[in-house]
Amino acid sequence: MQSTLFRRVSAALSLLMFSGFAVASDWAERSDHNLRQGVTQVSQEVYDLHMIILWIVSAIGLAVFGLIMYSVFAHRRSKRPKAADFHEHVLLEVVWTIIPFFILIAMAIPATRVLINLDDTSASELTVKVTGYRWKWSYEYLSYKDDNDVGVFFFSNLKTPADQFNTPALEGGLFPYGTAAENYGKESPEKDYNYMLEADKALVVPSGVKVRFLVTADDVIHSFYVPDFGFKKDAIPGFVNEIWTNIPEGQEGTYYGQCAELCGKNHAFMPIEVKVVTQDEFATWLADEKEKAASGPDLTPFASLDDAMKLGEQKYAASCALCHGANGEGGIGPTFVGSEMATQAEHREDHIHVLVNGRNAMPSFKAQLTPKDIAAVITYERNAWGNNTGDLIQPADVAK
Amino acid sequence: MTATTAEHHDHHDDHHHAPHGLKRWLFSTNHKDIGTLYLWFSFAMFLIGGLLALVIRAELMYPGMQVVDPEFFNQMTTVHGLVMVFGAIMPAFVGLANWMIPLMIGAPDMALPRMNNWSFWILPFAFTILISSVLMSAFGEGNPSAPNFGWTFYAPLSTTYGPASTDLFILSVHMMGISSIMGAINVVVTVFNLRAPGMTMMKMPLFVWTWLITAFLLVAVMPVLAGAVTMMLTDRHFGTSFFSAAGGGDPVLFQHIFWFFGHPEVYIMILPSFGVVSSIIPVFARKQLFGYASMVYATASIALLSFVVWAHHMFTVGMPLAGTLFFMYMTMLISVPTGVKVFNWMATMWRGSMTFELPMKWAIAFVILFTCGGLSGLMLAITPVDFQYHDTYFVVAHFHYVLVSGAVFSIMAAAYYWLPKWSGVMPNKILGELHFWSSLLSVNLLFFPMHFVGLAGMPRRYADYALQFADYNFWISIGAFWFGVSQLIFLVVAILCAMKKGEKAPANPWDAPEEDLEWTVPSPAPFHTFDTPPVIK
C-alpha cells in the first residue's frame with residue numbers, strides 16, 4: 001500500500017519536474033530576464049556555465065523541496081499518528097556527503113577552463129587604458145597593431161539630460177525635487193529609450209580583434225562592467241587590472257555597461273557605451289582622432305559673450321552640474337549664485353585656476369576640457385543665474 | 001528530572017528577587033531580563049532598518065529620481081545594512097542565547113552576569129550615535145551626510161572621501177564590536193562551565209552547539225573589524241596611508257581585512273538559525289533529530305571553512321589566477337556541509353508525525369527559502385559567472401534570501417516557539433497565521449524578482465536605473481511595503497504576549513521531549529531557574 005503510494009507520488013513528482021524543465025528551458029531561451037548571452041565567445045561560455053549550474057541547482061532544489069513537500073503531506077500526524085524511530089543512517093549520510101563532491105568537481109572543471117582563458121590577456125592587438133573617475137570614464141588608446149604611440153584620449157560622461165531623471169515629487173534638503181503640491185499631476189518627463197545608459201562620447205573598438213583593457217581609477221574604486229562582453233573588473237586607484245575581449249566580426253553595434261562598484265553620489269550616473277565597428281571604420285576613426293589630437297587646442301577667441309555662454313551652458317551641464325547643481329545652487333561643490341568666486345573681479349584668475357588645476361575635492365579639468373571649453377564654462381558661471389558680471393573669458397586667457 | 005525552582009528560597013539571594021522599575025532593566029544581571037532587553041532592542045532596530053529600506057524601495061519604485069537625493073539614497077543603503085546586521089540580527093540571536101542557553105543546559109544564569117549587562121547596554125548608545133548621523137542628515141542644517149559608502153565601507157570611499165560622520169560610524173562600530181565580543185565570551189564561558197551534571201558536550205541541544213561555534217567565530221573576527229575601522233580612523237586623522245594608494249597604501253588590503261571579518265560574520269548570522277531550526281523541527285515532527293553528530297560536525301566545518309573563503313567577495317578586484325581558483329574551490333566546498341544540514345532536516349521530517357503550529361511553519365519556510373539562497377550562493381561561487389553576477393541585484397537577492405527568509409525567519413520561528421516560555425501566554429494564533437502567510441508571500445515577491453533584474457544586469461546600490469528594469473522594480477517595491485507592514489502584525493503579537501493577554505501557556509505547550517530542559521520549568525519561566533542543577537540521565 002505504502003509502496004504504491006510512494007510510486008505514484010514519485011511518478012507524479014518526476015512528471016512535474018520534467019515538465020517544469022521543459023517550461024523553464026523554453027523560458028531561458030526567450031527571456032530577457034535570464035543572464036545575457038552576450039556577443040563574444042567568452043560571454044557565451046560564461047552563459048553556458050551559468051545555464052549548467054542553474055540546471056544543477058534547480059534539480060537539487062526541486063528534489064529537496066519535492067521531498068519536503070511530500071513529507072509535509074504524507075507524514076503529517078493525521079496520516080501517521082506514530083512517528084518512525086530512526087535518527088541515524090551512516091550509509092545515507094556518507095552518500096549525501098560524497099555525491100555533492102562529485103557534482104562540485106564536475107562543475108569546477110569547466111569553470112576552471114573558462115577562468116584560465118579569461119585570465120590570458122596575451123596577444124592582444126589593441127590596448128585601451130580605462131580610468132574611472134567620480135563620475136565618468138576616460139579612455140586612452142595606447143597601442144593598436146604596430147602603432148605603439150596612438151595617443152588618443154577622451155572622457156565619457158552620461159548623456160541623459162538631468163531633466164529626465166530629476167522627476168519631481170517632494171522638496172527640502174532631504175527631498176530636493178520640488179513640493180508634492182507643486183508637482184501634483186505633472187507628467188514625468190519622457191525618457192529616452194537608452195535612458196541612463198548613453199554616454200556623450202562612446203568607447204570605439206574594432207570587431208575581430210583581441211582588445212586588452214587596462215583598468216584603473218583616479219579617486220575611489222569603480223568597476224568596469226559590460227554584460228554583453230561577459231566581464232567586470234574593478235578599477236582601483238593605484239592598481240592596473242587587465243581584462244580582454246574579442247568581439248566577433250558581424251557583431252558590430254553599440255553595447256552598454258555601467259559602473260558596478262559604489263563610488264559615491266552619482267554611482268548610477270556613469271554609464272559605459274561601447275561602439276563596435278569594423279576594422280576599416282576603426283582605422284578611419286582612429287586617424288581622425290589622432291589628427292584632432294595633433295592639431296592642438298582651438299584658441300580662436302569667442303566673437304561675442306552669447307557665443308561663449310551658449311557653449312558654456314552645454315559644458316556646464318555635462319561636467320559641472322552633478323556637483324554644483326543644474327542652476328549653480330551647489331551640492332557637493334559650492335554654489336556659484338552670487339558667490340565671491342564667481343562675481344568679484346579679483347577672483348577671476350583664481351576661478352580659472354581652480355577649474356584647470358583642481359582644489360581639495362574639486363578635480364582638475366585640464367585633461368577633460370579644452371581651453372575653449374574652460375573659458376566658456378567660466379564665462380557662463382560668471383554671467384548666468386543673475387551673476388551678470390559681463391566678464392568674457394577667452395581661450396587664450398586659459399591657455400596661459 | 002529535578003524539581004524546578006519556582007518555590008526556591010535562598011536568603012542570600014532575597015535582595016535579587018523581584019527588582020522593579022527602571023532599575024530592574026538598567027542594572028539587571030538576570031539572563032532572562034537581559035535576553036528580553038536584547039530581543040526588544042533588536043525588534044526596534046528591525047523596524048528602523050526596515051523603514052530605511054522602504055525609503056530605498058520608494059525611490060526605486062519608478063525610474064527617475066523622485067523621492068530622495070542620490071546622496072541620501074546611498075546613506076539609506078549604508079545605514080539599512082548596518083542597522084540590520086549589527087542592530088537587528090546579531091542582537092536578536094544574542095537575546096535568544098541569553099534566554100535559552102542557561103535554560104537548555106540547566107545553568108542558573110550566564111556565567112558573567114555583570115558583563116552581560118554591559119554588553120547589552122553598550123548597544124543603545126552605539127546605535128544612537130549611528131542613527132543620529134541619519135537624523136542630522138535628514139533634518140540638520142545643511143543636511144550633513146550620514147555614512148554613505150555602503151555597509152562594506154570600502155576604502156578610499158570611506159576614508160579619503162568619507163563624510164565627517166564617518167567618525168561617528170567608526171566609534172559606533174567599535175562599540176558594537178566590544179558588545180559582541182563580550183556577549184560571545186559569555187556564551188563560551190557559560191557553555192564550558194555551567195552545564196548541568198551529566199550534560200556532556202554531545203548531549204547539548206544543537207542551538208547551544210551552534211551558538212558555541214558562533215561565539216568562537218565572533219571572538220576571532222570582531223577584533224579584525226575593530227582593526228579595520230581603527231586603520232580607517234588613523235588614515236582619516238593621523239596621517240597614515242594604510243588604504244591610500246597615493247601614500248603607498250593599498251585599497252585592496254581594506255577589502256581583504258574587511259572580508260576576513262565579513263565572511264565569518266555571514267555565518268555568525270546563520271549558524272544560530274541552524275540551531276533554532278534543529279530544535280524546532282524534531283519537536284513538531286515528533287521524531288529525534290536525524291544525524292545529531294553530523295550536524296555538529298557540519299556546523300564546525302562550515303565555521304572553519306568560513307575563514308578561507310573571504311576573497312569570493314572580491315573576485316573582480318584582480319587577484320592572481322591561483323588565488324582566484326583557491327577561493328572558488330573552497331567556496332564550492334562549503335555547500336557540502338550545508339547540504340548535509342538540509343538533508344538532515346529533511347530526514348528528520350521524513351516519516352515523522354508532523355503538525356504545523358506556527359514555529360514549525362516558520363521553520364519549514366526557513367529550510368526551503370534558506371536553501372534557495374544557498375543554491376544561488378553556489379551559483380555565485382563559480383568565478384567566471386560571478387564576474388557577471390558580482391555587484392548586481394542577483395547578489396542582493398542571494399543574501400536577502402539567506403538573511404531575511406533565512407536568519408529573520410528562524411528568529412520568528414524561535415520567537416513563536418519560545419514566547420509561551422518567556423511570557424506565559426500563547427502567541428495569538430490568528431494574528432500569527434496572518435503574520436506568517438503575509439510574510440511568506442511578500443518576502444518572495446520582494447526578493448525573487450531581484451534575481452531577474454540582477455541577471456539582466458542591474459547593478460546594486462543604484463539610485464536610478466535603465467528602463468528595462470522598471471517593471472520588476474515596481475513589483476519588488478510592492479513586495480517590500482507589504483513585507484514591512486506584515487512585520488507590524490508581529491509587533492501586536494509580541495505586545496499582547498508582553499501584556500499577558502491570551503491563552504495561558506502550560507509548562508510544555510508543544511509536547512517537547514523531556515530532554516529539552518527549557519520545557520521542564522514553568523511558563524513563564526520564573527526569575528531564577530535551576531538554582532539546583534538538574535541531573536541529566
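**View 1. Where chain B meets chain A.** In this predicted model, 82 residues of chain B are in contact with 85 residues of chain A. On the chain B side, helices H3 (70-105), H7 (251-268), H10 (321-349), H11 (358-381), H12 (383-389) and H14 (429-455) each bring at least two residues to the surface that touches chain A. H10(B) gives the largest share of that side, with 14 residues. Sorted by residue type, the side of chain B that touches chain A splits into 52 nonpolar, 22 polar and eight charged residues.

**View 2. Helix H8 of chain B and the residue that follows.** Let's zoom in on H8(B), which runs over residues 271-285. How far apart should the ends of this 15-residue helix be? At 1.5 Å a residue the expected span is 21 Å, and the end C-alpha atoms are indeed 21 Å apart, so the two values agree. Is H8(B) enclosed or open to its surroundings? Of its 15 residues, 15 are buried, so the rest of the structure largely encloses this helix. Just after H8(B) comes B:Arg286, with a positive phi of about 50°.

**View 3. A five-stranded open sheet in chain A.** The strands of this sheet follow the order E4-E10-E9-E6-E7, with mixed pairing. E4 (203-206) and E7 (231-235) of chain A stand at the edges; each has a single partner strand, so one side of each lacks a neighbour in the sheet. On average, neighbouring strands are turned by 25° against each other, direction ignored.

**View 4. One edge of the sheet, and a helix packed on it.** Strands of a sheet pair through backbone hydrogen bonds, either parallel or antiparallel. For E6 (residues 222-226) and E7 of chain A, the sense is antiparallel, over five bridges. Within this part of the sheet, A:His222 has A:Ala235 in E7(A) as its bridge partner. Helix H6 (residues 279-294) of chain A packs on the sheet, where it touches E4 and E10 (272-277) of chain A. The direction of H6(A) makes about 135° with that of E4(A).

**View 5. Confidence along chain A.** The mean pLDDT of chain A is 83, and 86% of the residues score at least 70. Among the elements of chain A, strand E5 (residues 211-217) has the highest mean pLDDT, 96, and helix H5 (residues 180-183) the lowest, 53. Over residues 170-175 of chain A the pLDDT is below 50, though this stretch has 15 contacts in the model beyond near neighbours in sequence. A friendly caution for this view: where pLDDT is low, the predicted coordinates should not be read in detail.

Terms used:
Residues are numbered from 1 along each chain as its sequence is written. Chains are lettered from A and ligands numbered from 1 in the order in which they are written. This is a predicted model: local features need pLDDT of at least 70, side-chain atom pairs count only at pLDDT 80 or more; totals for chains, interfaces and linings use all residues. Helices (H or I, at least four residues) and strands (E, at least two) are DSSP runs, numbered from the N terminus. The expected span of a helix is 1.5 Å times one less than its number of residues. A residue is buried if 20 or more other C-beta atoms lie within 10 Å of its own, exposed if 12 or fewer, and partly exposed in between; C-beta atoms are placed from the backbone. Two residues are in contact if their C-beta atoms, placed from the backbone, lie within 7 Å. Ala, Val, Leu, Ile, Met, Phe, Trp, Tyr, Cys and Pro count as nonpolar, Asp, Glu, Lys and Arg as charged, and the others, Gly among them, as polar. Two strands pair if DSSP finds at least two bridges between them. Axes are lines fitted to C-alpha atoms, for helices over the stretch in contact, and angles run from 0 to 180 degrees between N-to-C directions. pLDDT is the predictor's confidence in each residue, from 0 to 100.
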